[in-house]
Amino acid sequence: MKFIEKLNAISKKNSSLVCVGLDSDFSRIPQFIKDKYENPIWEFNKRIIDATKDQVAAYKPNFAFYVSQGEMGLTALRKTISHIPAEIPIILDVKVGDIGNTMEMYGKSYFETYEVDAITANPLMGFDVVNALQKFRDKYIFLLILTSNKSNTDFLNDEDELFKKICEKINQWGMDNIGGVIGATNENEIQEIRNLLPQSVFLIPGIGAQGGDIGNVMKNAVAKNFPGIVINSSRSIIFADSGKDFAEAAREATIKLKGEINKYL
């Protein structure tokens with residue numbers, strides 16, 4: 001099943017556009033989990049997934065939080081991916097971008113070894129980045145178009161408006177498995193990007209801790225014939241509570257966000 005088909009099916013089943021970002025920062029995992037379990041990251045993730053899997057459209061592990069913990073972290077990532085129900089798409093947040101056989105090896109690693117459904121990628125090295133992933137056409141590539149961090153004005157949203165050129169290139173390439181990372185904090189640009197990419201799926205971070213406005217996103221980012229968006233929240237969900245009921249708090253935060261989004265559908 002292609003990524004978009006999988007995303008649309010689970011979005012309909014769970015009535016959700018919420019992507020839970022598994023940015024499982026070891027320093028913020030509850031101490032009682034660290035004291036009791038050999039692999040606290042895995043135990044933490046398992047409980048978060050079990051508590052939220054009927055409320056989400058996707059999960060997004062951020063690779064940095066796993067590789068930073070060495071073999072324990074990578075083991076936790078593999079177990080996490082295996083534990084997520086097969087019907088729920090997994091977006092691995094890696095933001096890689098390279099050329100030729102190097103990018104192909106990244107694709108082999110993430111799509112075949114880790115068996116995720118989509119990745120984030122940096123487009124600044126041009127067509128080589130996506131061309132090397134052509135053998136993985138059932139997978140999805142979210143290119144960084146206009147991120148949610150304030151320093152996106154250094155390059156992506158400077159006076160040359162690089163984000164528009166990235167959109168133009170995506171259209172020129174004509175591939176149906178390329179979407180974009182569009183930060184919810186870019187309130188004035190979201191509608192313009194949707195107009196440039198009417199059929200692409202947008203991964204939208206920046207809701208929650210970064211202060212992006214859900215109403216603006218739903219008004220300007222939703223596609224005409226299908227939602228075409230998945231709204232990510234990481235810290236606001238998985239670290240909603242640091243006590244023994246952290247998983248239930250994550251569930252409540254997910255339900256709350258889902259309800260806020262669905263008001264606009």
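The following paragraphs describe the overall build, the salt bridges, a charged surface patch and two unusual backbone angles of a predicted model.

The protein is made up of 12 helices and 8 strands. Its radius of gyration is 18 Å, close to the 18 Å that the globule rule gives for 265 residues, so the protein is as compact as a globular protein of that length. Taken along the principal axes, the box filled by the C-alpha atoms is roughly 50 × 45 × 35 Å. Of the 265 residues, 53% count as buried.

Side chains of opposite charge can pair when their charged atoms come close. In this model, 13 salt bridges are present, and three of the pairs are described here in turn. In one of them, the side chains of Lys 2 and Asp 176 meet at a distance of 3.8 Å, N to O. Lys 2 lies in the segment before helix H1 (3–14), whereas Asp 176 belongs to the loop between helix H8 (162–173) and strand S6 (178–182), so this pair ties together parts that are 174 residues apart in sequence. Both ends of the bridge count as partly exposed, since Lys 2 has a relative accessible area of 36% and Asp 176 has a relative accessibility of 47%. Lys 2 and Asp 176 are also joined with Arg 137 into one network, through salt bridges that share partners.

A further salt bridge is formed by Asp 117 and Lys 6, whose closest N and O atoms are 3.0 Å apart. This pair, too, links distant parts of the chain, with Asp 117 in the loop between helix H6 (100–113) and strand S4 (118–121) and Lys 6 in helix H1, 111 residues apart. With a relative accessible area of 9%, Asp 117 is buried, and Lys 6 is likewise buried, at 13%, because both values fall under the 20% cut-off for a buried residue.

The pair of Lys 108 and Glu 112, by contrast, lies within a single helix: both residues are found in helix H6, 4 residues apart, which is about one turn of the helix. Their side chains meet in a salt bridge with an N to O distance of 3.0 Å. Lys 108 is partly exposed, with a relative accessible area of 40%, and Glu 112 is also partly exposed, with a value of 38%.

Charged residues also appear together in a surface patch. Asp 241, Asp 245, Glu 248 and Glu 252 gather on the surface in a patch of negative charge. Among them, Asp 241 is placed in the loop between helix H11 (235–238) and helix H12 (246–262), and its relative accessibility of 33% makes it partly exposed. This value fits membership of the patch, because a patch is made of residues with over 30% relative accessible area and no salt bridge.

The backbone, finally, has two residues to point out. Most residues other than glycine have a negative phi. Ser 15, although it is not a glycine, has a positive phi of about 50°; this residue sits in the loop between H1 and strand S1 (18–22) and, at 41% relative accessibility, counts as partly exposed. Glu 115 is not a glycine either, and its phi is positive at about 60°. Glu 115 lies in the loop between H6 and S4, and with a relative accessibility of 56% this residue counts as exposed.

Technical notes: Residues numbered from 1 in each chain as written. Predicted model: local features only at pLDDT ≥ 70, side-chain atom pairs only at ≥ 80, totals over all residues. Heavy atoms only, no water. Patch = residues over 30% accessible without salt bridge, like charges linked within 9 Å, V, L, I, M, F, W, Y side chains within 5 Å. Areas by Shrake-Rupley, 256 points an atom, 1.4 Å probe, with all protein chains shown as cover. Salt bridge = Lys/Arg side-chain N within 4 Å of Asp/Glu carboxyl O. Lys, Arg positive; Asp, Glu negative; His and termini not counted. Charge placed at Lys NZ, Arg CZ, Asp CG, Glu CD. Helix = DSSP H or I, 4+ residues; strand = E, 2+ residues; numbered from the N terminus. Buried < 20%, exposed > 50% of the residue type's maximum accessible area, 1.4 Å probe, protein only. Rg over C-alpha atoms; globule rule 2.2 N^0.38 Å.
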